[in-house]
Amino acid sequence: MSKTAWVLGGGSGIGAALVKELVARGWTVAISGRRTEPLQALAESHDARPYRLDVTDFDAVKDTVKQIAADIGKIDLVVFSVAAWEVTKPGTYDYESFRRIIDTNLLGAMRVIDPVVAQMRKQGFGEIALVASVAGYFGLPRSAAYSSGKSAMITLAETMRTELASDNISVRIVCPGFVKTDLTAKNDFPMPFLMEADKAGKRIADGLLNSKRFEIAFPTRFVLLLKLIGLMPYPIFFAIMKRLIARK
Ligand SMILES: NC(=O)c1ccc[n+]([C@@H]2O[C@H](COP(=O)([O-])OP(=O)(O)OC[C@H]3O[C@@H](n4cnc5c(N)ncnc54)[C@H](OP(=O)(O)O)[C@@H]3O)[C@@H](O)[C@H]2O)c1
């Protein structure tokens with residue numbers, strides 16, 4: 001019996017690139033997103049199974065988990081590759097924008113995790129990979145909601161990894177740097193080490209399938225640089241941030 005995955009956000013960008021990798025490696029893959037067309041296109045080109053879903057609708061998420069488990073028998077792997085991103089002017093903290101981003105990126109993940117953990121406990125095994133970002137390593141300027149939501153997602157995954165090990169459920173975090181997708185097409189600032197989505201999809205598939213490590217992060221040089229900045233004493237850290245915010 002082939003391995004089965006559910007990739008949320010699987011219709012585009014990093015999620016779609018991962019779906020193509022998984023299908024090429026023999027997996028049966030269910031994909032979700034709000035728009036029907038990209039899901040349908042990937043279903044036709046790569047034999048993925050589309051389930052239209054908005055992660056802000058908890059009842060729909062619970063129904064979809066049941067439906068996928070019934071259709072494909074078990075869910076070995078769930079990848080949450082969903083996000084809302086809005087370019088934010090430094091010094092603005094618009095509540096509605098914050099609510100939209102957190103509701104999709106963080107609470108959206110929680111709406112999925114709750115029924116998925118129940119399903120995986122029933123099966124007796126499973127793996128959950130949350131796509132966060134290097135933007136979650138520390139509070140980045142120009143992305144208060146996105147960066148703090150991704151930071152919370154990393155913390156959440158750390159807690160879950162510890163707590164769910166005894167249930168035979170493995171939890172991982174994926175932290176990409178800049179990847180060329182619809183999401184980053186909105187950006188009006190420099191994006192160092194920008195990577196193609198297909199390459200990101202391969203890095204994630206290799207990390208998930210060929211290792212058991214908690215964090216899958218890339219590109220390596222950018223990740224190491226950011227981790228080093230995160231370790232700096234605050235006076236140095238804020239001096240770096242000040243230079244970053246001055247760049248355009
Ligand atoms: N691109 C980067 O540089 C980068 C870097 C670090 C981390 N990431 C993370 O990588 C993940 C994928 O992003 P991406 O760059 O591949 O951008 P993307 O192509 O825009 O992917 C985001 C996906 O989320 C889905 N989505 C958004 N809101 C949704 C909702 N309410 N319900 C269900 N699905 C929803 C979108 O599909 P629909 O619009 O059809 O719903 C889309 O397929 C995100 O978690 C992002 O934060 C990206």
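This report covers the ligand site, two helix pairs and two backbone features of the structure above. The model is predicted.

**The ligand site**

The ligand has 26 residues around it. Five of them come nearest: I14, R34, Y146, V179 and T181. By class, twelve residues of the shell are nonpolar. Ten are polar, and four are charged.

Helices contribute to this shell. Helix 1, which spans 13-24, supplies at least two of the shell residues. Helix 6 (144-164) and helix 7 (182-185) each do likewise.

Oxygen atoms of the ligand pair with polar atoms of the protein at these distances.

| Residue | Protein atom | Distance to a ligand oxygen atom |
|---|---|---|
| G9 | backbone N or O | 3.5 Å |
| I14 | polar backbone atom | 2.7 Å |
| R35 | polar side-chain atom | 2.8 Å |

I14 thus appears twice: among the residues that come nearest to the ligand, and with a polar backbone atom 2.7 Å from a ligand oxygen. R35 uses its side chain, with a polar atom 2.8 Å from an oxygen of the ligand. How much of the ligand does the protein cover? On its own, the ligand has 880 Å² of accessible area, and the protein covers 95% of that.

**Helix packing**

Helix 6 also packs against helix 5, which runs over residues 107-123. The angle between them is about 15°, and their axes lie 13 Å apart. Angles under 35 degrees count as roughly parallel, so helix 5 is roughly parallel to helix 6. Their crossing is right-handed.

Helix 1 has a partner too. It packs with helix 8, residues 197-210. Here the angle is about 55°, with the axes 8 Å apart. Helix 1 and helix 8 are therefore oblique to each other. This crossing is right-handed.

**Backbone features**

What form does the peptide bond from F218 to P219 take? The bond is cis, with omega near -5°. P219 sits in the loop between strand 9 (215-218) and helix 9 (220-231).

N168 offers another feature. Its phi is near 65°, a positive value, and the residue is not glycine. N168 belongs to the loop that links helix 6 to strand 6 (169-176). Why single out these two places? Most residues other than glycine have a negative phi, and most peptide bonds are trans.

Note on methods:
Residues numbered from 1 in each chain as written. Predicted model: local features only at pLDDT ≥ 70, side-chain atom pairs only at ≥ 80, totals over all residues. Heavy atoms only, no water. Near = heavy atom within 4 Å. Polar contact = N/O pair within 3.5 Å; in protein donor to acceptor, adjacent residues only side chain to side chain. Areas by Shrake-Rupley, 256 points an atom, 1.4 Å probe, with all protein chains shown as cover. Helix = DSSP H or I, 4+ residues; strand = E, 2+ residues; numbered from the N terminus. Nonpolar A, V, L, I, M, F, W, Y, C, P; charged D, E, K, R; others polar. Axes fitted to C-alpha atoms, helices over the stretch in contact; angles between N-to-C directions. Parallel < 35°, antiparallel > 145°, perpendicular 65-115°, else oblique. Left-handed = near helix turned anticlockwise from the far one by under 90°.
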